[in-house]
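Student: I am new to this structure, and I would like a close look at a single part, beginning with one charged side chain and its partners. Please then go on, in one connected account, to the other contacts that help me find my way around.

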Amino acid sequence: MSSTDTRTPVRVDVNTGGADSVILIGDGIVDQLPTLLGAHGVGARRFVVSSPTIWRLHGPQVQQALGAVEPILLPDGERYKNLQSVAKVYDALIRANADRGSAIIAIGGGVIGDTAGFAAATFLRGITLVHVPTTLLAQVDSSIGGKVGVNHILGKNLIGAFHQPRLVVIDPLVLRTLPRREFRSGLYEVVKYGMIASRTLFELLTRETKAIFDRDPAVLVPAIVESCGIKADVVSKDERESGLRRILNYGHTIGHALEAVTKYRRYRHGEAIAYGMLAAADLAVARGALAEREREALAQLIAALGPLPPVVDLPIRDLLDAVRRDKKVVHGKLHFVIAIEIGATMTIDDVTEEELVAVLERLGLTR
Ligand SMILES: NC(=O)c1ccc[n+]([C@@H]2O[C@H](COP(=O)([O-])OP(=O)(O)OC[C@H]3O[C@@H](n4cnc5c(N)ncnc54)[C@H](O)[C@@H]3O)[C@@H](O)[C@H]2O)c1
Ligand SMILES: [Zn+2]
């Protein structure tokens, strides 16, 4: 693929039966925002929600495209993904006499997208939402699928809704300013898509690791397109996570537990998921469900994507407690997704404590 091809937007559709949403991916498409918004029926009253960091870096380009907009800026960081930030958005909307035809345009990572998205889902019982994701994680994951919401001091993502964005505008060029660790964190979710649904994607990452790190559009754009396609496909078939959508939780059982026991401070989300995928692969190999060479290919790719913060000091017992408290336990049974080969999964619900202890030990945690 020549690099000029990456500027022609690729379209991916999410069809959930209710409101459909359209994902457009292309280098530089932020410059086309007014045309794209118009073409997808987004009303003229548009409220941009972003953060000071993101607006400093990308606000000028957005202003260039949309004209002088007065953004609603929410403070940066996971700890501000809360109802107070949502209230700030409501305040601004009400003061400006926003109505049901108004739209929220969320420009930022998953924190801004989830928070602004929740405001859009609830203001006047729901107004139009557009995502312009600016982290790799947001581009391949959080901006797609309609899950919006905020944290409560007692737990992450406890308050939320389903609200499909009308449009998701993905411009991989905005990732140029993303800190390397954030970029790598998003890459682990791309690895996840490879493991659950696409050997081609997995092999692309393995073969082109350096080009990916250089954020070379010729590789990055196809990797994002493939990832979005997989998530869109899964969400289209199972919006409310009654079954299939669970495969997106591959690596997330152990990953979420690692995040929880370290109070969300040690790992970026993707880093915890990387460990979770290793654990799931190990468990699958121990059951004879996955070939050892496939597990080894995953371990090598994860190693090539860079160092992960340590796990050695974490007690296995704490991890087990966190796993038990997880939302993935339904009627007392833990639903655990394993890959049975690169690109295919199955869900099992009979994982024993002994198996979990064994994989956590092999991962290097403390007995
Ligand atoms: N809704 C969903 O389906 C879903 C799925 C996965 C994750 N999430 C949520 O997403 C959140 C994590 O999102 P995230 O990883 O994008 O983190 P984030 O939104 O906190 O962004 C990470 C950091 O990058 C900065 N940043 C963003 N874009 C930048 C850019 N282009 N250049 C430089 N800096 C930039 C931000 O200011 C922030 O400091 C979590 O709250 C998680 O729960 C939601
Ligand atoms: Zn994730």
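**A charged network and its surroundings**

Tutor: R287 is partly exposed, with a relative accessible area of 32%, a value computed, like the others below, from a predicted model. The term fits because partly exposed covers values between the limits of 20% for buried and 50% for exposed. The side chain of R287 meets that of E355 in a salt bridge, with 2.7 Å from N to O. Since E355 belongs to helix α14 (residues 353-363), while R287 lies in the loop between α11 and α12 (292-304), this pair ties together parts that are 68 residues apart in sequence. Salt bridges with shared partners also bring in D350, so that R287, D350 and E355 are joined into one network.

A search of the whole structure finds 19 salt bridges. Another of them is made by the side chains of D13 and R11, at 2.8 Å from N to O; here D13 is partly exposed at 32% relative accessibility, and R11 is also partly exposed, at 49%.

A further salt bridge leads to the metal site. K192 pairs with E189, the closest N and O atoms being 3.0 Å apart, and because the two residues are 3 apart in helix α6 (residues 180-197), about one helical turn separates them. K192 is buried, with a relative accessible area of 2%, and E189 is buried as well, at 0%. The charged end of K192 also sits over the ring of Y193, 5.0 Å from its centre. As for E189, its OE atom is a donor to the zinc ion (ligand 2), together with NE2 of H252 and NE2 of H269, and these protein donors lie 1.9 to 2.1 Å from the ion. Written along the sequence, the spacing of the donor residues is E-x62-H-x16-H. The two histidines link distant parts of the chain, with H252 in helix α10 (residues 252-261) and H269 in helix α11 (residues 269-286), 17 residues apart. H252 is buried, with a relative accessible area of 5%, whereas H269 is partly exposed, at 21%.

Helix α6 is also where R180 is found, at the start of the range 180-197, and the charged end of R180 sits over the ring of F213, 4.4 Å from its centre.

Turning from charges to rings, a search of the whole structure finds 2 aromatic pairs. Y90 and F123 form a stacked pair, 6.4 Å centre to centre and with 25 degrees between the planes. This pair joins distant parts of the chain, Y90 being in helix α3 (residues 83-95) and F123 in the loop between α4 (110-122) and β6 (128-133), 33 residues apart. Y90 is partly exposed, at 24% relative accessible area, while F123 counts as buried, at 8%. Y267 and Y275 form an edge-to-face pair, 6.0 Å centre to centre with 70 degrees between the planes; Y267 is buried at 4% relative accessibility, and Y275 is buried at 9%.

Finally, on the surface, I153, L154 and L158 make a nonpolar patch of about 420 Å². I153 has its place in the loop between β7 (147-152) and β8 (155-162), and with a relative accessible area of 84% I153 is exposed.

Methods
Residues numbered from 1 in each chain as written. Chains lettered and ligands numbered in written order. Predicted model: local features only at pLDDT ≥ 70, side-chain atom pairs only at ≥ 80, totals over all residues. Heavy atoms only, no water. Donors = N, O, S within 2.8 Å, 3.2 Å for Na, K, Ca; no water. Helix = DSSP H or I, 4+ residues; strand = E, 2+ residues; numbered from the N terminus. Buried < 20%, exposed > 50% of the residue type's maximum accessible area, 1.4 Å probe, protein only. Patch = residues over 30% accessible without salt bridge, like charges linked within 9 Å, V, L, I, M, F, W, Y side chains within 5 Å. Areas by Shrake-Rupley, 256 points an atom, 1.4 Å probe, with all protein chains shown as cover. Salt bridge = Lys/Arg side-chain N within 4 Å of Asp/Glu carboxyl O. Phe/Tyr/Trp six-rings, centres within 6.5 Å; stacked < 30°, edge-to-face > 60°. Lys NZ or Arg CZ within 6 Å of the ring centre and 35° of its normal.
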